[in-house]
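Please look over the sequence and the structure shown here before reading on. The report is written for someone who meets this structure without earlier knowledge of it.

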Amino acid sequence: MKTYFILLAFAFLSVFHSEAAGEKFIRISTNETDLILQVASDGRLYQTYLGNKLVNESEFGKLPYTLGKVNPGASVLKREVYPCSGTEDYFEPAFAICHNDGNLTSILKYVSTEEKRIDGNVTETIIFLKDEVYPVEVKLHYITFAKENIIKSWSEISHKEKKPVTISRYASSMLYFDAPHYFLTEFSGEWAREVNMTTQELSFGKKVIDTKLGSRAGMLTSPFFEIGLGKEPQENSGEVLMGTISWIGNFQFTFEVDNIKNLRVISGINPYASNYELKPGEVFTTPEFIFTLSNRGVGQASRNFHTWARNYQLKDGKGDRMTLLNNWEATYFSFDQEKLKELMKEAKQLGVDMFLLDDGWFGNKYPRSNDRTSLGDWEATPNKLPGGVPELVKSAKETGIKFGIWVEPEMISVKSELYEKHPDWAITLPNRTPYFFRNQLVLDMSNPAVQDYVFGVVDKLMTENPELAFFKWDCNSPITNIYSPYLKDKQNQLYINHARGVYNVFNRIKNKYPNLPMMLCSGGGARCDYESLKYFTEFWCSDNTDPVERLYIQWGFSQFFPSKAMCAHVTSWNKSASIKFRTDVAMMCKLGFDIRLNEMNPNEKLYCQGAVSNYNRFKKVILDGDLYRLVSPYDGNHTAMMYINETKDKAVLFAYDIFPRFDEKLFTVKPEGLDPGKKYKIEEINLMPGAKSSLNFNGETFSGDYLMKVGLKVFSTSKLNSKVIEITAE
Ligand code: DGJ
């Protein structure tokens, strides 16, 4: 009750944090970053500063971008926070509208600010803006996470015109930067080669990163980026912005360098084919753009994201994660009840917590034996699984492990009972030959009846099998044949309402099953947005489980996501890499296996069992510790990463020789984040049965100071060679 009144008091507090020489400033800050906005004498809102936290509020009036008395000539430096099309800012707008009278302009004037202190660490600032002529309102929201140095920003648009208005630009946020050079790192790829990192310098004009795939939207590009301010993003030094948009559908980032060399970063939903008709009174809420500004390179920025995600965003962010054996690569569609029971026994022998049944278990009239049929018919196939899902859950329990199941409920096969009953539930064109991606169509999630059905898939399985312990939720097709029978003449709403419909279902599932762990999967890593991760405990990074490729893919995703959220499985991809190498790579994330134990020789089996037990012993360090990326695979023939716990008494270092050159010079690897004053014992673990460590310092003790300054010789010239080193404070 007390908290309620305190919150209420803050909620109605209108705050101008600082007023100097008639200028009003709004300060939005974390412990390390200040975003300073100014209400200028024209009543509009401008960005004065975004950078390292300033000590003296009294100096805000002197900032180079402050408008007014101090900088009378500064009108050319105007950086409006939410500029609209049709005004004197001739660059890419954050907002564009068509009013009832056909007028295409809007000028938003400042009205007020509310500040809500959510707790000692989290503060929300809401800034109200209003068009001076039309009844149109925009609320800008900012939530700051002080300790983690993370800021969320988004907007809400509404109006009271007589008829719907059309909004054609609706950014979540717009930020300005001022540096001599800007370098953009983007993450692009394809199925099985996700998040390739490439960096380019930005010069005058625009660079746009966007997607039009609708669902599975991140297949070709990921919803995040890095900007090096002044120089290319570095791991441990330099100023860097890292940002991500929390949107499962079409997103867009626009990076525009303007005439005075400001970099303008606009983030939000991609307005492509989505001029949105907004009804009077309806609130259009944009997705959150989440960012951090680090002056210690991307390494620190990643740790900001990881800590924040575990503390605030990820489903069960602070909880444990289950190791598992998945049957997809082990069996594909060819399995039956008996084979699954065998696999469950193998899972038990391996020592993992759970067996995860993948695609191919469903379909009655049309049993799913390949990817051409059955999506939509979520009943177990009787001749494959005579006892259905209940029998499998029971067997798992008897074997002493948990049981999880795969679904792809947003999709529909034309050859399915669902399609026979509800052809109008599929997104497909009424008057053209359909194009099929992976032989399937996407269900129309803008339709509430479809949302109910999709929610019902999980709900029914859970109601009938309350002991189901895990779901893998897949999505293997982008939106094709873009037409919603439900939306009729409002096709422009489809991309947006579809994404909202997906979240609506995720939300219903989380509300009803708050403790159910779920994996977000999209033909690999095409879904990995932070809004979805509120509802999912983890995501599948890629169908490519070749450990060499995974070193790059995991390096890429680790820029934004904690290892706890990233699933990595040991499979048979790239058999020229030993089982040890494959397992050591997967152990850096949330460990699973997707392989038959009976294909392994006794030594390999023993090795895997030992690795699972080591993982269980220190998985808290890997899943909850701080990540230090020590040597990048992009820089040569080796790579190394380490995790360290909060108290700095336990760390695990992973070192890999990929394809070293003959007799190449090997450098030491310098661990980071240790306590210089502590003494640490170095011990190589995860050795093949009977093997001895090749490290001549194995078992020795060094000071943190020595380790961080001198480092350890852990690399070798052997190909596809890996080492896992436990570092323990004495
Ligand atoms: C794509 C996923 O990424 C795979 O792991 C597997 O679940 C298949 N779909 C099943 O069809």
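The sections below take up the ligand, a lysine in a loop, two residues with positive phi, a strand with its partners, and a helix.

## The ligand and its surroundings

The model described here is a predicted one, and a ligand is found in it with 13 residues around it. Of these residues, the ones that come nearest are Asp358, Asp359, Lys472, Asp474 and Asp543. Sorted by class, the shell around the ligand is made up of six charged residues, four nonpolar residues and three polar residues.

Several polar atoms of the protein can be placed against oxygen atoms of the ligand. In the side chain of Asp543, an N or O atom lies 2.4 Å from an oxygen atom of the ligand, while for Trp406 a polar side-chain atom is found 3.1 Å from a ligand oxygen atom. Gly524 takes part through its backbone, where a polar atom is 3.1 Å from an oxygen atom of the ligand. Taken alone, the ligand would expose 290 Å², and the protein buries 97% of that area.

## Lys648 and its contacts

Lys648 has its place in the loop between β32, which covers residues 638–644, and β33, which covers residues 650–657. Is this lysine, Lys648, buried, partly exposed or exposed? Its relative accessible area is 27%, and because buried means under 20% and exposed over 50%, Lys648 counts as partly exposed.

When neighbours within four places in sequence are left aside, Lys648 is in contact with Gly673, Leu674, Asp675, Lys678, Tyr680 and Ala729. Two of these residues can be described further: a polar atom of the side chain of Lys648 lies 2.7 Å from the backbone oxygen of Gly673, and the C-alpha atom of Leu674 is separated by 5.9 Å from that of Lys648, although the two residues are 26 residues apart along the chain.

## Positive phi in two loops

Asp316 is a residue other than glycine, yet its phi is positive, near 50°. Asp316 lies in the loop between α2 (297–313) and β21 (324–326), and its relative accessibility of 44% makes it count as partly exposed.

Asn574 is likewise not a glycine, and its phi has a positive value of about 55°. The loop that holds Asn574 runs between β29 (566–570) and α10 (579–586).

## Strand β17 and its partners

Strand β17 spans residues 262–269 and is mostly covered, with eight of its eight residues buried. Strand β10, which consists of residues 165–178, runs antiparallel to β17 and is joined to it by seven bridges; Ala171 stands opposite Gly268 of β17.

Strand β16, made up of residues 251–257, is also joined to β17 by seven bridges, and these two strands run antiparallel. Here Thr254 stands opposite Ile266 of β17. The hairpin of β16 and β17 has four residues between the strands, and within this hairpin Lys261 takes a positive phi near 70°.

## Helix α10

How many of the eight residues of α10 are buried? Eight of the eight are buried, so the helix α10 is largely enclosed by the rest of the structure. The buried residues of α10 are Ile579, Lys580, Phe581, Arg582, Thr583, Asp584, Val585 and Ala586.

Technical notes
Residues are numbered from 1 along each chain as its sequence is written. This is a predicted model: local features need pLDDT of at least 70, side-chain atom pairs count only at pLDDT 80 or more; totals for chains, interfaces and linings use all residues. Side-chain values use heavy atoms; hydrogens and water are left out. A residue is near a molecule or strand if one of its heavy atoms lies within 4 Å of it. A polar contact is a pair of N or O atoms within 3.5 Å; within protein, one must be able to donate a hydrogen and the other to accept it, and residues adjacent in sequence count only if both atoms are side-chain atoms. Accessible areas come from the Shrake-Rupley method with a 1.4 Å probe; for residues, only the protein chains shown count as cover. Ala, Val, Leu, Ile, Met, Phe, Trp, Tyr, Cys and Pro count as nonpolar, Asp, Glu, Lys and Arg as charged, and the others, Gly among them, as polar. Buried means under 20% relative accessible area, exposed over 50%, partly exposed in between (1.4 Å probe, protein chains only). Contact means heavy atoms within 4.5 Å. Two strands pair if DSSP finds at least two bridges between them.
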